[in-house]
Amino acid sequence: MKTFLLSLLFATSLASFAQADGIKILNSDVHYPEGPVWYNGKLYYIEYDRNTVDTWDGKKNAIFASQKGCGQSAVVNTANGEFVTTCYDNGTIGRMAADGKQLPAYTQDKAGNKFVGPNDLAPDTKGGIYFTASGDQGPVIDGKVFYIAKDGTITQEAVDLHNANGLAVSKDGKILYVVETEDNRLLQFKIAPDASLSDRRVFLNLDDMTNHVTHIWPDGVKIDSKGAIYIGQSPRDVHAPLVGIIFIVDATGKLLRELKLPSPQVPNLAFSPDEKTVYVTALDQIDKSPYMGKIYSIPNN
């Protein structure tokens, strides 16, 4: 068994590094980059440790918005051309106008439920946005999923998640995928016409998929136009096997291929409009501030 696992690891590494040609560094001075999205000709991304939302326009990087104490972890554009961001540290959903001006934040859902550790965002097909609240640190299982309707109404849609993290809506709008980082897995829910969630089940355990060579700590998740699911990861040890890999699976959970980055932690990603390029937020320093990292582009092949 040990020989088999080593052979698997070696073969995986060769396959991954073979796809590394064409990687570019778009920004080499970012502090805990996260939660990117491509919108209107620009890449928007987060610097958690700097409390900023940044942009890359193909030539230069710039600060789009800043909010001290927020602890941003993801950003997306809304149906009306504004932006929302998850403020992990202060427990709100930050709002920004199209020019980056701060707008009043969302602080609770319509029932008065607070957001503990807002983490990631996923637009649906109806102008709404799902987001995770990771919950308290440690063994407590109190993560949640909320939904922001197009009119700004927020409802709680799922509870009892173990460190809720990345999430994504399937292209047909019928399934929501949610990462439970502490349980090393990806869940799925059925999405009803009213955006409520049901039929929770385990879609994929990342440790099982990689034959338990090491613990895989899944983070962000995105889905391309063909339905392939891209899963980023945030390993706890920079020297662990399989670090720096984005796993790409199909709708059945079968591993299709991998993207390998030079940095060990690759929490999240976004696609170029033609999906020929993947933009990746990555960390080299994972254990202390300022959590130095990079923004990469990598060919999607």
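Buried here means under 20% relative accessible area, exposed means over 50%, and partly exposed covers what falls in between. Keep that handy for the exercises below, which all work on a predicted model.

**Exercise 1. Find the disulfide, work out its handedness, and decide whether Cys87 is buried or exposed.**

Step 1. Start with the sulfur atoms: a pair of cysteine sulfurs within 2.5 Å counts as a disulfide. Cys70 and Cys87 pass, with their sulfurs 2.1 Å apart. The count by this rule comes to 1 disulfide.

Step 2. Place the two ends. Cys70 sits in the loop between strand E5 (61-66) and strand E6 (72-77), while Cys87 belongs to strand E7 (residues 83-87). The two cysteines are 17 residues apart, so the pair links distant parts of the chain.Step 3. Look down the S-S bond. The torsion for Cys70 and Cys87 is about -90°, so this disulfide is left-handed.

Step 4. Apply the cut-off. Cys87 has 0% relative accessibility and therefore counts as buried. Cys70 comes out buried too, at 0% relative accessibility.

**Exercise 2. Lay out the sheet that holds E10, E11, E12 and E13: what is the strand order, and which strands stand at the edges?**

Step 1. Write down the order. This is an open sheet of 4 strands, running E10-E11-E12-E13, and the pairing is antiparallel.

Step 2. Pick out the edges. Strand E10 (118-123) and strand E13 (154-161) each have a single partner strand, so one side of each has no neighbour in the sheet. From one strand to the next, the twist averages 20°.

Step 3. Check the pairing of E11 with E12. Strand E11 (residues 129-133) and strand E12 (residues 143-148) are antiparallel over 5 bridges. To find your way in the register, use Ile129, which stands opposite Ile148 in E12.

Step 4. Move on to E12 and E13. These strands also run antiparallel, joined by 5 bridges. Here Val145 has Ala158 in E13 as its bridge partner.

Step 5. Inspect the turn. The hairpin of E12 and E13 has 5 residues between the strands, and Gly152 takes a positive phi near 95° there.

**Exercise 3. Describe the surroundings of Thr155: where does it lie, and what does it touch?**

Step 1. Locate the residue. Thr155 is part of strand E13.

Step 2. Judge the burial. The relative accessible area of Thr155 is 17%, so it is buried.

Step 3. List the neighbours. Leaving out residues up to four places away in sequence, Thr155 touches Asp109, Lys110, Val145, Phe146 and Tyr147. Val145 is already familiar as the bridge partner of Ala158.

Step 4. Add the polar partner. The Thr155 side chain makes a polar contact with the side chain of Glu157, at 2.6 Å. As a general reminder, side chains in a regular strand alternate between the two faces of the sheet.

**Exercise 4. Go through the backbone oddities: where do Asp160, Leu242 and Pro290 lie?**

Step 1. Take Asp160. Although not a glycine, Asp160 has a positive phi of about 60°. Asp160 lies in strand E13 and counts as partly exposed because its relative accessibility is 49%.

Step 2. Turn to Leu242. Leu242 isn't a glycine either, yet its phi is positive, at about 70°. Look for Leu242 in the loop between strand E19 (229-233) and strand E20 (245-249). With 8% relative accessibility, Leu242 counts as buried.

Step 3. Finish with the proline. The peptide bond from Ser289 to Pro290 is cis, and its omega is near 10°. Pro290 is in the loop between strand E23 (277-283) and strand E24 (292-299).

Technical notes:
Residues numbered from 1 in each chain as written. Predicted model: local features only at pLDDT ≥ 70, side-chain atom pairs only at ≥ 80, totals over all residues. Heavy atoms only, no water. Pairing = 2+ DSSP bridges. Axes fitted to C-alpha atoms, helices over the stretch in contact; angles between N-to-C directions. Buried < 20%, exposed > 50% of the residue type's maximum accessible area, 1.4 Å probe, protein only. Polar contact = N/O pair within 3.5 Å; in protein donor to acceptor, adjacent residues only side chain to side chain. Contact = heavy atoms within 4.5 Å.
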